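Biologist: I'd like a close look at a single part of this one, the place where two neighbouring helices pack, and then whatever surrounds it. Could you walk me through it?

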Amino acid sequence: MADPARIKTELPKATANDEETRPEDTEGASTSGSASNETKDSADQLKPKEESKNESAAGDDDEEGTSGETAGKRLKVEPEKKKEKRQKVDEDEIQKMQVLVSSFSEEQLNRYEMYRRSAFPKAAIKRLIQSITGSSVSQNVVIAMSGISKVFAGEIVEEALDVCEKWGDTPPLQPKHMREAVRRLKSREQIPNTKHKNILFH
C-alpha cells in the first residue's frame, strides 16, 4: 500500500505541474485536435474519392444508359416524348381548325356542322359486319367501321362534286355523278374492285 504522506506531497506537485502542463495539455489537446482534424481531413479526402468513384460509376451508368440501357427504360422515355409530340400536333391542329372554322361563311358553317353531326347508324353497321364475318364484334370495332365508312362516303361525294363541276352541272348531285365518281376511284385503285381478278397465268 502507498504511504499517505507521499500521496499528499505528490498531489501539490501535481497541481504545480498542472499549471506547467496546461500548455502541454493544450498542445496535447491541439495535437489530439490536430489528430482528430487529420482524421477528419483523411475522411474528407476519402469522401471526394468515394464521390469521384460514385460519379464515375454514375458516368458509367450514363454511358451504359446510352448503349446498354434496358428496353424498359427506353420504352418509358420514348412514349413520353411521343405524347409530347402528339399533344403539340393536336394543339396545332386545333388552332388551325379554329382559324379555318372562323373564316367559314354561313353556308359553309352549316355544311360543316351537318358533316360533323352525320354518322352511320351503329346498329346497321354492326349487323353488316356480323353478316360478313359471321361472328359478333365489339362496340369499338363498330365505331371504327362507322368512321371509316363516313370517310369513304366523303371521298365519293368529293369526287362526285368534281365530276359535276367538270360536266358543267350544278348541285345537287345526281346518281350519274356518283357512278362516275365510283368509276374514277376504281380506275385509280382507291376503291377495291371485287369483281376484277388479276390472272397471273393465261
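Modeller: Here is the helix packing, followed by the parts around it. Keep in mind that this is a predicted model.

A bit of context to start with. The protein chain has six helices and zero strands, so to put it in DSSP terms the order along the sequence reads α-α-α-α-α-α. The chain runs to 202 residues, and 9% of them count as buried. Among its contacts with a separation of 6 or more, 26% are between residues 24 or more positions apart.

Now the packing itself. Helix α4 covers residues 122–133 and helix α5 covers residues 139–166; they pack at an angle of about 100°, and their axes are 9 Å apart. That angle is why α4 counts as roughly perpendicular to α5. On the α4 side, the residues that take part are K122, I125, K126 and I129. They meet Q139, V141, V142, I143, M145, S146 and S149 in α5. Sorted by class, this contact of α4 with α5 is made of six nonpolar, three polar and two charged residues.

I125 is a good residue to zoom in on. It sits in helix α4 and is buried, with a relative accessible area of 10%. If you set aside the neighbours within four places in sequence, I125 is in contact with F120, V142, M145, S146 and S149. Four of those names should ring a bell: V142, M145, S146 and S149 are also on the α5 side of the packing. As for I143, its C-alpha is 8.7 Å from that of I125, with the two positions 18 residues apart in sequence.

Follow α5 further along and you get to V157 and E159. V157 is in helix α5 and is partly exposed, at a relative accessible area of 33%. Beyond its neighbours within four places in sequence, V157 is in contact with L173 and M178. For V157 and L173, which are 16 residues apart along the chain, the C-alpha atoms are separated by 8.4 Å. E159 is in helix α5 as well, but this one is buried, with a relative accessible area of 10%. Which residues does E159 touch, once neighbours within four places in sequence are left aside? They are A181, R184, L185 and R188.

After α5 comes the loop that leads to α6, and W167 is in it. W167 is partly exposed, its relative accessible area being 42%. Leaving aside neighbours within four places in sequence, its contacts are K176, H177, E180 and R184. R184 therefore turns up twice if you define contact as heavy atoms within 4.5 Å, once with W167 and once with E159. W167 and H177 are 10 residues apart in sequence, and their C-alpha atoms are 9.1 Å apart in space.

The loop between α5 and α6 (175–187) also holds P172. Check the backbone there: P171 and P172 are joined by a cis peptide bond, with omega at about 15°. There's another backbone feature in the segment after α6, where E189 is found. E189 is a residue other than glycine, yet its phi is positive, near 60°. Both are worth a glance, given that most residues other than glycine have a negative phi, and most peptide bonds are trans. E189 is exposed, at a relative accessible area of 72%.

Last stop: the aromatics, which tie back to the chain before α4. The structure holds two aromatic pairs. In one of them, the ring centres of Y112 and Y115 are 6.4 Å apart and the planes are at 40°, so the pair is tilted. Y112 and Y115 are three residues apart in helix α3 (residues 106–117), so about one helical turn separates them. Both tyrosines count as partly exposed, Y112 at 21% relative accessibility and Y115 at 47%. Add F104 to Y112 and Y115 and you have one aromatic cluster. Finally, K150 lies over the face of Y115, at 4.7 Å from the ring centre.

Methods. Residues are numbered from 1 along each chain as its sequence is written. This is a predicted model: local features need pLDDT of at least 70, side-chain atom pairs count only at pLDDT 80 or more; totals for chains, interfaces and linings use all residues. Side-chain values use heavy atoms; hydrogens and water are left out. Rings of Phe, Tyr and Trp (its six-membered ring) pair if their centres lie within 6.5 Å; planes under 30 degrees apart count as stacked, over 60 as edge-to-face and the rest as tilted. Helices (H or I, at least four residues) and strands (E, at least two) are DSSP runs, numbered from the N terminus. Buried means under 20% relative accessible area, exposed over 50%, partly exposed in between (1.4 Å probe, protein chains only). A charge sits over a ring if NZ of Lys or CZ of Arg is within 6 Å of the ring centre and within 35 degrees of the ring normal. Axes are lines fitted to C-alpha atoms, for helices over the stretch in contact, and angles run from 0 to 180 degrees between N-to-C directions. Angles under 35 degrees count as roughly parallel, over 145 as roughly antiparallel, 65 to 115 as roughly perpendicular and the rest as oblique. Ala, Val, Leu, Ile, Met, Phe, Trp, Tyr, Cys and Pro count as nonpolar, Asp, Glu, Lys and Arg as charged, and the others, Gly among them, as polar.
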